[in-house]
Amino acid sequence: MHGSRSMLAEVDALVALHSDPGCDILICPPATHLAPMAAHTKGSAIQTGGQDCHAEAKGAHTGDIAAGMLADVGATYVILGHSERRADHGESDADVAAKAQAAWQAGLTAIICLGETEAQRDGGETLDVIAGQLENSVPDGATAANTVIAYEPVWAIGTGRTPTDDQIAEVHGALRRHLALRFPQAAQGIRLLYGGSVKPSNAAQIFSIPDVDGALVGGASLKARDFSGIVTALEAA
């Protein structure tokens, strides 16, 4: 829940800074800003997406947003299963999987988030937690075109703490292996993003880690210059 319509100036600045980017750039604003943001990015290389969607295509679900509604105002992606949704709204892996199927039906690419808590990390449960979330949050039928996986250790989100390179590599390597077992034809093409306190000062190092294909960026995406530094680091990776 960040931003107002006045912050669309930051989107215009980002469009100007990256007219021909060497990577995919996606902004997922609050739902109230999605339509105007799509208008500002129309004709540019920057895509827009939603932060969540409902599992049903329509119905009496006051306050929720269907995947088709996101697509109708210009979204091409939607974030699903973010740790804050899982924590604040009690979303289960099954809930996330149902939403992913709804997103696919609407023609959206689902960015499915996975991540362990600090207690799970300290308890040595990280790889088991990640494997379970991947198995149960990603429906059958995942492809490189309809699915992106984002690893976001809960304890690193907005805290300024970042896992070590070895910790990120361990999880991303495990994700790739699990994908290869379940989706052998698509596994190498499914992008794996790292999310959690990514900023211009550490982006290049994070992008140098094997199996890190991009980033899910939070606070550093609010200013065009900060976000641009991360984009530039990925272009150079």
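His54 is buried because its relative accessibility is 17%, and buried means under 20% relative accessible area (1.4 Å probe, protein chains only). The model is predicted, with local features needing pLDDT of at least 70 and side-chain atom pairs pLDDT 80 or more, while totals for chains, interfaces and linings use all residues. Residues are numbered from 1 along each chain as its sequence is written, and side-chain values use heavy atoms, without hydrogens and water.

**His54**
- His54 sits in the loop between β2 (46-50) and α3 (67-72); helices (H or I, at least four residues) and strands (E, at least two) are DSSP runs numbered from the N terminus.
- Its side chain makes a polar contact (N or O atoms within 3.5 Å, one able to donate a hydrogen and the other to accept it) with the side chain of His61, at 3.4 Å.
- A polar atom of the His54 side chain lies 2.8 Å from the backbone nitrogen of Glu56.
- Beyond four places in sequence, His54 is in contact (heavy atoms within 4.5 Å) with residues including Asp64, Lys99 and Ala102.

**Helices α5 and α7**
- Helix α5 (residues 93-105) packs on helix α7 (residues 126-137) at about 40 degrees, with axes 8 Å apart.
- Asp93, Ala94, Val96 and Ala97 of α5 meet Gly132, Gln133, Asn136 and Ser137 of α7.

**Nonpolar cores**
- The largest nonpolar core (buried Ala, Val, Leu, Ile, Met, Phe, Trp, Tyr and Cys residues joined through side-chain atoms within 4.5 Å) has 55 residues.
- Leu80, Ile112, Ile149, Leu175 and Tyr194 touch the most other members.
- Helix α10 (residues 224-236) gives the most to this core, 5 residues.
- A second, separate core has 9 residues, among them Tyr77 and Leu193.

Definitions and conventions: Axes are lines fitted to C-alpha atoms, for helices over the stretch in contact, and angles run from 0 to 180 degrees between N-to-C directions. Buried means under 20% relative accessible area, exposed over 50%, partly exposed in between (1.4 Å probe, protein chains only).
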